[in-house]
Amino acid sequence: METTQATRGTRDVAAGAAVRLSGLRKHYGEVRAVDGVELTIAPGEVVALLGPNGAGKSTTVDMILGLSKPDAGEVTVFGKTPGDAVRAGMIGAMLQGGTLLDDLTVRETVRMVAKLHRTPMPLEQALRQAGIDDIADRRANKLSGGQKQRVRFAVALVSDPDLLVLDEPTAAMDVGTRREFWKSMYSFTESGRTVLFATHYLEEAEEFADRVVLMRSGRVVADGSVAQVRALAGGRTIRAVLPDATGETERLVATLPAVTDFELRGERAAISSSDSDATLRALMAAVPAVHDIEISAVGLEGAFLSLTAEDHTEPEEAAR
Ligand SMILES: Nc1ncnc2c1ncn2[C@@H]1O[C@H](COP(=O)(O)OP(=O)(O)OP(=O)(O)O)[C@@H](O)[C@H]1O
């Protein structure tokens with residue numbers, strides 16, 4: 001399925017792809033957790049997998065890691081099956097709520113995982129890159145939620161993988177720790193390594209990903225750069241003050257051309273429009289006293305909400 005116009009030249013990179021998902025399906029009874037996903041990730045890309053709860057992100061991630069088998073379709077990682085890629089140390093993973101052994105120190109934990117790999121990165125380097133060298137001698141049961149996440153990150157890094165797969169890596173982190181985490185990530189991606197991360201934080205996708213893949217109901221509904229995905233949702237928001245707004249004003253504004261959504265709080269209106277020029281002309285004619293007009297492009301959050309809404313048109317239509 002060609003999902004959107006924003007899809008990158010997937011065929012060009014298919015041959016040497018870091019990750020290739022074709023016709024991927026996984027159903028649980030009636031639930032179509034993953035329902036025909038096509039996705040090719042080139043080496044060196046940093047890709048955010050976004051979507052509301054239950055969109056199919058974790059199910060997709062599990063199949064990329066070989067933790068569950070697709071009902072149909074195929075996953076390859078650097079041309080290998082996920083199992084072979086994991087055994088070759090090519091994939092590092094950080095999953096939601098992976099457990100740590102309470103009695104081991106941070107250093108012992110990371111060392112234990114390093115020993116499982118043929119060509120791990122030096123232990124101290126993994127600790128430093130994950131920003132936990134200062135707590136290396138602390139036991140896991142003495143760590144905060146955010147620190148535990150960093151240990152999991154070190155565990156994912158220590159095989160010196162070509163691909164890092166992270167399922168909501170910053171879920172337990174406060175804003176400062178999150179920023180530090182992404183700084184550590186930069187030094188990993190600078191060396192051309194590939195990262196796929198699932199997140200609920202749109203600002204993380206906006207700031208750290210080269211590419212955003214948006215899922216809904218087991219399908220990819222948008223795929224492209226942050227700017228492309230924003231543009232797919234189209235539209236702008238017009239904010240303005242409507243003096244003495246009444247129920248009648250509200251009805252009037254809601255029926256102006258190209259208005260897709262409308263909210264009025266007191267005299268302050270926020271109008272979503274698929275053609276802000278047309279809406280604004282009509283608004284000024286209908287409510288001549290309108291003032292303090294601001295027009296802004298829809299943010300990634302707006303695109304996310306619009307593209308993942310259950311009654312949204314099919315992606316092919318959305319791209320037109
Ligand atoms: N083992 C399972 N058995 C039955 N249903 C499952 C199982 N795993 C996932 N599902 C269902 O598949 C759908 C997709 O779930 P998945 O965990 O992949 O979504 P997600 O996008 O990762 O959501 P979240 O953001 O909440 O983590 C959901 O409806 C979920 O209830």
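The expected span of a helix is 1.5 Å times one less than its number of residues. Keep that rule in mind, because we'll try it on helix α7 in a moment. What you're looking at is a predicted model.

Let's get our bearings. The protein has 320 residues, and 41% of them count as buried. Its secondary structure comes to 13 helices and 13 strands. Take the contacts between residues at least 6 apart in sequence: 70% of these join residues at least 24 apart. The domain assignment gives two domains: domain 1 covers 10–90 + 161–231, and domain 2 covers 235–297. Their centres, taken over C-alpha atoms, are separated by 38 Å.

Start with a sheet of six strands. It's an open one, in the order β5-β6-β7-β3-β8-β9, and its pairing is mixed. At the edges sit β5 (91–94) and β9 (219–224), each pairing on one side only. From one strand to its neighbour, the average turn is 15°, direction ignored.

Now look at the two ends of that sheet in turn. At one end, β5 and β6 run parallel and pair over four bridges; Ala93, for instance, has Val165 in β6 as its bridge partner. Which way do the residues of β5 point? Ile91 and Ala93 go one way, Gly92 and Met94 go the other, and all are buried. Lying across β5 and β6 is helix α6, which runs at about 165° to β5. At the other end, strand β8 (residues 211–216) and β9 pair in the antiparallel sense, over five bridges. Here Arg216 has Arg219 in β9 as its bridge partner.

While you're at α6, find Gly146, which is part of this helix. Is it buried or exposed? Neither, quite: Gly146 has 17 C-beta neighbours inside 10 Å, so it counts as partly exposed. Setting aside neighbours within four places in sequence, Gly146 is in contact with Ala172, Met173, Asp174 and Thr177. Ser187 is 41 residues from Gly146 along the chain, and 19 Å separate their C-alpha atoms.

Ser187 brings us to α7, where it is one of the exposed residues. Time to try the rule from the start. Helix α7 (residues 175–189) has 15 residues, so at 1.5 Å a residue it should span 21 Å; the C-alpha atoms at its ends are 21 Å apart, which agrees. Which residues of α7 are buried? They include Phe181, Met185 and Phe188. These lie on the same side of α7, because they cover an arc of only 45° around the axis. There's a simple reason such spacing works: an α-helix has 3.6 residues a turn, so residues three or four places apart point the same way. The face turned away from the buried side carries Val175, Gly176, Arg179, Lys183, Tyr186 and Ser187, which are exposed. As for what the buried residues of α7 pack against, the list is α5 (123–129), α6 (145–157), β6 (163–167), β7 (194–199) and α8 (202–208).

Next, head over to a sheet of four strands. This one is open too, in the order β11-β12-β10-β13, with antiparallel pairing. β11 (259–265) and β13 (291–297) are its edge strands, each pairing on one side only. Neighbouring strands here are turned by 15° against each other on average, ignoring direction. Within the sheet, strand β10 (residues 236–241) pairs with strand β12 (residues 268–273) in the antiparallel sense, over six bridges. If you'd like one partnership to find, Ala240 has Ala269 in β12 as its bridge partner.

Two helices lie across strands of this sheet. Helix α10 (residues 247–254) lies across β11 and β12 and runs at about 160° to β11. Helix α11 (residues 276–286) lies across β10, β11, β12 and β13, running at about 20° to β10.

Finally, take a closer look at α11. Its buried residues are Ser276, Thr279, Leu280 and Leu283. Seen down the axis of α11, they fall within an arc of 95°, so they line one face of the helix. On the other side of α11, Asp277 and Ala285 are exposed. What do the buried residues of α11 pack against? Their partners are β10, α10, β11, β12 and β13.

Note on methods
Residues numbered from 1 in each chain as written. Predicted model: local features only at pLDDT ≥ 70, side-chain atom pairs only at ≥ 80, totals over all residues. Buried ≥ 20, exposed ≤ 12 C-beta atoms within 10 Å, placed from the backbone. Arc of directions from axis to C-beta. Contact = placed C-beta atoms within 7 Å. Domains from an automatic or database assignment. Pairing = 2+ DSSP bridges. Axes fitted to C-alpha atoms, helices over the stretch in contact; angles between N-to-C directions.
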